[in-house]
Amino acid sequence: MKIKAYTTLGIEELASRQENTLERFSSAEHEAMVSQNTGENASSKEDLIRSYLIDNYTKFGALGWFIHTVHENQCKNIVSFGAGFGVLEYLLSMSLPDDAVVIATDFDGVMVDAAAKYLSPIQARRFDFFQDDVKSLCDEIGAPIDLAVFWGSSCVMDDDELIRLLTSLYKAGVRVVMDFDAASMTAWNMIKREAQLWKVRLVRQVRRIPLVNLIAPPSGPLGPVWPSHPGKFHGWHRTPDHLIKQYDAAGWRLAGRRVIPPYNMAGIFKSSRS
Ligand SMILES: C[S@@+](CC[C@H](N)C(=O)[O-])C[C@H]1O[C@@H](n2cnc3c(N)ncnc32)[C@H](O)[C@@H]1O
């Protein structure tokens, strides 16, 4: 089972500029949003790492499991997709021998530039799930990729897009894929989430009737508010079983699975050849 995921991050800004909130972020929209925050303001490696960790330190448990899996499977060449600023990848590289290659990729140029500028020895490259292909990336790297990882980014892709990318990783000879699915949900939570969204949509419609706005809004935790915007569509909430089925369709079998906060589903997938 899967439902659409919406984010309210930067939504007022996008809505006020009449941007299309039904489409996923373009790289330009994402860059504009990120520029206002961490990336452009970071002036050193320490700055970048500090500002990333203040919001992301809860990922350390998952990072520990990731590093353990990388070592257990003797992986040296690692590519992260949708890596953002690449801080998790930088921390991984500190646990690997000097001849290991860690590449952080993202479609957001602001993030990729910050990672390239401050986080050597990792490499940073632009890679868009919807426009770029794994074969060209492998040719550029010039070495086989042992392990690919998605830290909260595979949810951006719809099922057919995810299967296409996973199939090309399989064909490229990647041995292991790890997926930390930040948008994973149980079926029951999906039903509750859809109900919330319908409430927001309904209130937005009713508020178009002029007199309704004279009625005081209900009280929220920060004072009286009407439910505002459902948010911007940015990917998919999937149940763990649904995600595993997509991997299966691309030739990947589940080799390990955990719930590690903040991820409701973290999976190790191995190529069915291995
Ligand atoms: C939830 S963030 C996770 C960032 C990072 N992996 C982390 O854990 O801190 C999702 C990432 O996916 C990236 N992303 C979104 N759409 C993408 C696309 N079409 N191609 C590549 N990356 C994309 C975003 O730029 C963002 O950095």
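# A guided tour from strand β5 outwards

Begin by selecting V79 and A148: V79 stands opposite A148, a residue of strand β5. The model on display is predicted, and the tour starts from this pair.

**The β5 strand and its first neighbour.** Extend the selection to residues 77-81, which form strand β2, and to β5 itself; these two strands pair in the parallel sense over four bridges. Next, display the side chains of β5, residues 147-151. Five of the five residues in this strand are buried, so β5 is largely enclosed by the rest of the structure. In a regular strand the side chains alternate between the two faces of the sheet. Here L147, V149 and W151 point one way from β5, whereas A148 and F150 point the other way.

**Across to β6.** Select residues 176-181 next. This is strand β6, which runs parallel to β5 and is joined to it by five bridges. Two facing pairs are worth displaying: V149 stands opposite M178 of β6, and W151 stands opposite F180 of β6. To follow the chain between the two strands, trace from β5 through helix α9 (residues 159-171) to β6; this β-α-β crossover is right-handed.

Is β6 enclosed or open to its surroundings? Six of its six residues are buried, so β6 is largely enclosed by the rest of the structure. Colour its two faces separately to see how they are occupied: V176, M178 and F180 lie on one side, and V177, D179 and D181 lie on the other, with both faces covered.

**On to β11.** Now add residues 263-271, strand β11. β6 and β11 pair in the antiparallel sense over six bridges. Within this pairing, centre the view on F180, which stands opposite A266 of β11.

**A stop at C138.** Move to helix α8, residues 134-141, and select C138, which lies in this helix. C138 has 20 other C-beta atoms within 10 Å, and is therefore buried. Leaving aside residues up to four places away in sequence, C138 touches I145 and A172. Draw a C-alpha to C-alpha distance between C138 and A172: the two are 34 residues apart in sequence and 7.6 Å apart in space.

**The α10 helix.** Select residues 187-206 for a contrast with the buried strands. Helix α10 is hardly covered, and the count of buried residues among its 20 residues is zero. Its length can be verified in the viewer: at 1.5 Å a residue, the helix should span 28 Å, and its end C-alpha atoms are 29 Å apart, which agrees.

**The ligand.** Centre on the ligand and display the residues around it. Which residues are the closest to the ligand? They are G82, G84, F107, W151 and S153, within a surrounding set of 19 residues. W151 has already appeared on this tour, as the β5 residue opposite F180. Coloured by class, the shell around the ligand shows ten nonpolar, six polar and three charged residues.

**The whole chain.** Finally, zoom out. The protein chain has eleven helices and eleven strands. Of its 274 residues, 35% are buried. Among contacts with a separation of 6 or more, 73% join residues 24 or more positions apart.

Note on methods: Residues numbered from 1 in each chain as written. Predicted model: local features only at pLDDT ≥ 70, side-chain atom pairs only at ≥ 80, totals over all residues. Near = placed C-beta within 6 Å. Nonpolar A, V, L, I, M, F, W, Y, C, P; charged D, E, K, R; others polar. Buried ≥ 20, exposed ≤ 12 C-beta atoms within 10 Å, placed from the backbone. Contact = placed C-beta atoms within 7 Å. Pairing = 2+ DSSP bridges. Right-handed = clockwise from strand over helix to strand, strands pointing away. Expected span 1.5 Å × (residues − 1).
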